[in-house]
Amino acid sequence: MDQKEIRKKVLAAPLDAFTLIPFLVGATMGIGFWAFNALSNVMAGSSLLLILLSAALYLNRLIFGWDKQYHKAVHQWREQVERKREKELDELHQDLLSDGDSRTQNLLQDLRTLTQALLETNPADGTLYNALDVFTDVDRLFQRSVEYLRESLDVWKTAGNMQKPSIKERLLAHREVLISEVEKSLENLGEVLAQYKQASLGGESGQELAHLREELSNRLRIAEQVEARVDALRTGQSAGYDEEEFLKYAPKQGE
């Protein structure tokens, strides 16, 4: 969910029976009396008055309830994301037990811990809008890392079924690249959490969060470049990555 979707929820929040009934009554009166050629000035005025009353109620509730509804929409979004994610991550954790590599299990646990700590942070009212952008980018970085862990498991299973040593070696090297990128993402999230906590404890304004969001966006752009490199590794293309950089992850003979 982005800022646009949040705003849609906030704009729709005042559209309940309390706001809409005057509009519906006014519109029904106006259309009904007009249809029977009985629309007098008094009836037309009453119909218009009810419609204007409905509009005034909507604007009043929208303006004075904006922050409350915004907080509510963000809270609902975060709860929905967390419920869905926790279920998927529990399943992934069980799957990662099969590769016998404690690194992937520990990385997943650390990713969950850091992301949860960030999402549970309650920003001040004046910083909520920038904080939502930070949360959204953190979630994107987290999801990319989880995808890499899931792919590393798939690659490990495939390598285990290969008979040709060179192919198996290359697959395992690719797996090491994925794990390495998850480790970098974990470091990024750790730095973001530290800066976020520092900004919160120091009572910094939204400007500090805006700077943090910009830095996080830069990290995501780098992660997207890495994603392109990983795609090249998947397809065996040479463009966009250094073959030597890839092969340095390959297991040495006799290991």
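**Exercise 1. Classify Ser185 by burial and describe its surroundings.**

Solution. In this predicted model, Ser185 has a relative accessible area of 8%, so the residue counts as buried, the cut-off for that class being under 20%. The next step is to place Ser185 in the fold: the residue belongs to helix H7, residues 165-201. Finally, with residues up to four places away in sequence set aside, Ser185 touches Leu141 and Ser145.

**Exercise 2. State which secondary-structure elements the protein contains and how its contacts are distributed along the sequence.**

Solution. The protein contains nine helices and zero strands. Read from the N terminus, the order of elements is therefore α-α-α-α-α-α-α-α-α. Among contacts with a separation of 6 or more, 78% join residues 24 or more positions apart. Of the 255 residues, 37% are buried. The exposed area of the protein is about 14900 Å², and 56% of it comes from carbon and sulfur atoms.

**Exercise 3. Compare the end-to-end spans of helices H3 and H4 with the spans expected at 1.5 Å a residue.**

Solution. Begin with H3, which covers residues 41-64 and has 24 residues. The expected span is 1.5 Å times one less than the number of residues, which gives 34 Å for H3; the first and last C-alpha atoms are 34 Å apart, close to that expectation. Helix H4, residues 66-96, has 31 residues and should span 45 Å; its end C-alpha atoms lie 44 Å apart, which agrees.

As to burial, the buried residues of H3 are Ser47, Ser54, Tyr58 and Leu62. Those of H4 include the nonpolar residues Val74, Trp77 and Leu89, as well as Arg78, Glu82 and Arg85.

**Exercise 4. Determine which parts of the chain are tied together by the salt bridge between Glu86 and Arg112.**

Solution. The structure holds ten salt bridges. In one of them the side chains of Glu86 and Arg112 meet at 2.5 Å, N to O. Glu86 lies in helix H4 and Arg112 in helix H5 (residues 102-119), so this pair ties together parts 26 residues apart in sequence. The partners fall into separate burial classes: Glu86, at 28% relative accessibility, is partly exposed, whereas Arg112, at 14%, is buried.

**Exercise 5. Trace the salt-bridge network that includes Arg103.**

Solution. First, Arg103 meets Asp101 in a salt bridge of 2.8 Å, N to O. Asp101 is buried at 14% relative accessibility, while Arg103 is partly exposed at 30%. Second, Arg103 also forms a salt bridge with Glu176, with the closest N and O atoms 2.8 Å apart. This pair links distant parts of the chain, as Arg103 is in helix H5 and Glu176 in helix H7, 73 residues apart. Through shared partners, salt bridges join Asp99, Asp101, Arg103, Arg175 and Glu176 into one network.

**Exercise 6. Identify the members of the nonpolar surface patch that contains Phe23.**

Solution. The patch consists of Leu15, Leu20, Phe23 and Leu24, with about 340 Å² of accessible area together. Phe23 lies in helix H2, residues 17-35. With a relative accessible area of 36%, Phe23 is partly exposed and so passes the patch threshold of over 30%.

**Exercise 7. Establish how confident the prediction is and where caution applies.**

Solution. The mean pLDDT is 76, and 70% of the residues reach 70 or more. Over residues 237-255, however, the pLDDT is below 50, although this stretch has 27 contacts in the model beyond near neighbours in sequence. Where pLDDT is low, the predicted coordinates should not be read in detail.

Technical notes. Residues are numbered from 1 along each chain as its sequence is written. This is a predicted model: local features need pLDDT of at least 70, side-chain atom pairs count only at pLDDT 80 or more; totals for chains, interfaces and linings use all residues. Side-chain values use heavy atoms; hydrogens and water are left out. Helices (H or I, at least four residues) and strands (E, at least two) are DSSP runs, numbered from the N terminus. Buried means under 20% relative accessible area, exposed over 50%, partly exposed in between (1.4 Å probe, protein chains only). Patches are made of residues with over 30% relative accessible area and no salt bridge: like charges are joined within 9 Å, nonpolar side chains (Val, Leu, Ile, Met, Phe, Trp, Tyr) within 5 Å. Accessible areas come from the Shrake-Rupley method with a 1.4 Å probe; for residues, only the protein chains shown count as cover. A salt bridge is a side-chain nitrogen of Lys or Arg within 4 Å of a carboxyl oxygen of Asp or Glu. pLDDT is the predictor's confidence in each residue, from 0 to 100. Contact means heavy atoms within 4.5 Å.
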